[in-house]
Amino acid sequence: MRGLYFMTGWLATGLGAAGVFLPLLPTTPFLLLAAACFARSSPRTREWLLEAPHLGPVLQDYLAHRVVPLRAKCLALLFLWPSVGWTATSVVPVPAVGIGLVVIAAAVTLYLLWLPSEV
């Protein structure tokens with residue numbers, strides 16, 4: 001079972017890292033999943049994830065206080081809406097899928113705005 005948790009943790013870490021660059025792929029939930037999987041399989045790898053220079057501080061803040069830094073929120077929204085707008089209008093051939101993307105982006109925006117930014 002530890003091996004399954006370990007592999008899932010690395011998969012979630014990869015998806016979380018990709019989420020930094022792909023707006024509709026959420027970073028924090030995947031990193032939280034990775035931290036949980038590593039806690040059950042490799043505490044050393046979990047510590048590595050929590051201490052990672054770019055991902056660790058955001059993950060630590062969220063785990064400790066359920067906060068997302070204002071800078072992270074602004075960057076997320078700055079990249080989210082232009083890419084969703086472009087994808088929904090230029091890439092997706094089915095209008096219903098484009099509308100679905102906009103609805104998901106709106107839900108992500110509301111969630112980000114709902115989360116506190118300071119401890």
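Guide: Let's start with some words: a residue is buried under 20% relative accessible area, exposed over 50%, and partly exposed in between, using a 1.4 Å probe and protein chains only. This is a predicted model, where local features need pLDDT of at least 70 and side-chain atom pairs count only at pLDDT 80 or more, while totals for chains, interfaces and linings use all residues. Residues are numbered from 1 along each chain as its sequence is written, and side-chain values use heavy atoms, with hydrogens and water left out.

Visitor: Why is glutamate 47 called partly exposed?

Guide: Glutamate 47 has 40% relative accessibility, and partly exposed covers whatever falls between 20% and 50%, so the label fits. Arginine 46, at 24%, is partly exposed too.

Visitor: What makes arginine 46 and glutamate 47 a salt bridge?

Guide: The rule asks for a side-chain nitrogen of Lys or Arg within 4 Å of a carboxyl oxygen of Asp or Glu. Here the closest N and O atoms are 3.9 Å apart, so the pair qualifies. By that rule, the count is one salt bridge.

Visitor: Why does methionine 1 count as exposed?

Guide: Its relative accessibility is 69%, and exposed means over 50%, so methionine 1 earns the word. Methionine 1 sits in the segment before α1 (2-19); helices here are DSSP runs (H or I, at least four residues; strands are E, at least two), numbered from the N terminus.

Visitor: What makes Met1, Leu4 and Met7 a patch?

Guide: Patch members have over 30% relative accessible area and no salt bridge; nonpolar side chains (Val, Leu, Ile, Met, Phe, Trp, Tyr) are joined within 5 Å, like charges within 9 Å. These three form a nonpolar one on the surface, with about 380 Å² of accessible area together, by the Shrake-Rupley method with a 1.4 Å probe, only the protein chains shown counting as cover.

Visitor: How many helices and strands are there?

Guide: Six helices and zero strands, which read along the sequence as α-α-α-α-α-α.

Visitor: What makes something a pocket, rather than a cavity?

Guide: On a 1 Å grid over the protein atoms alone, a cavity is a set of points where a 1.4 Å probe fits but cannot get out, while a pocket is an open set with protein on both sides within 12 Å along at least five of seven lines; lining residues have an atom within 4 Å of a point. The largest pocket holds about 950 Å³ of space. Of its 32 lining residues, the closest to the centre are Gly19, Val20, Thr27, Ala72 and Ala76. α5 gives the most to that lining, with eight residues.

Key: Grid points are joined across faces, edges and corners, and a volume is the space filled by probe spheres set on the points.
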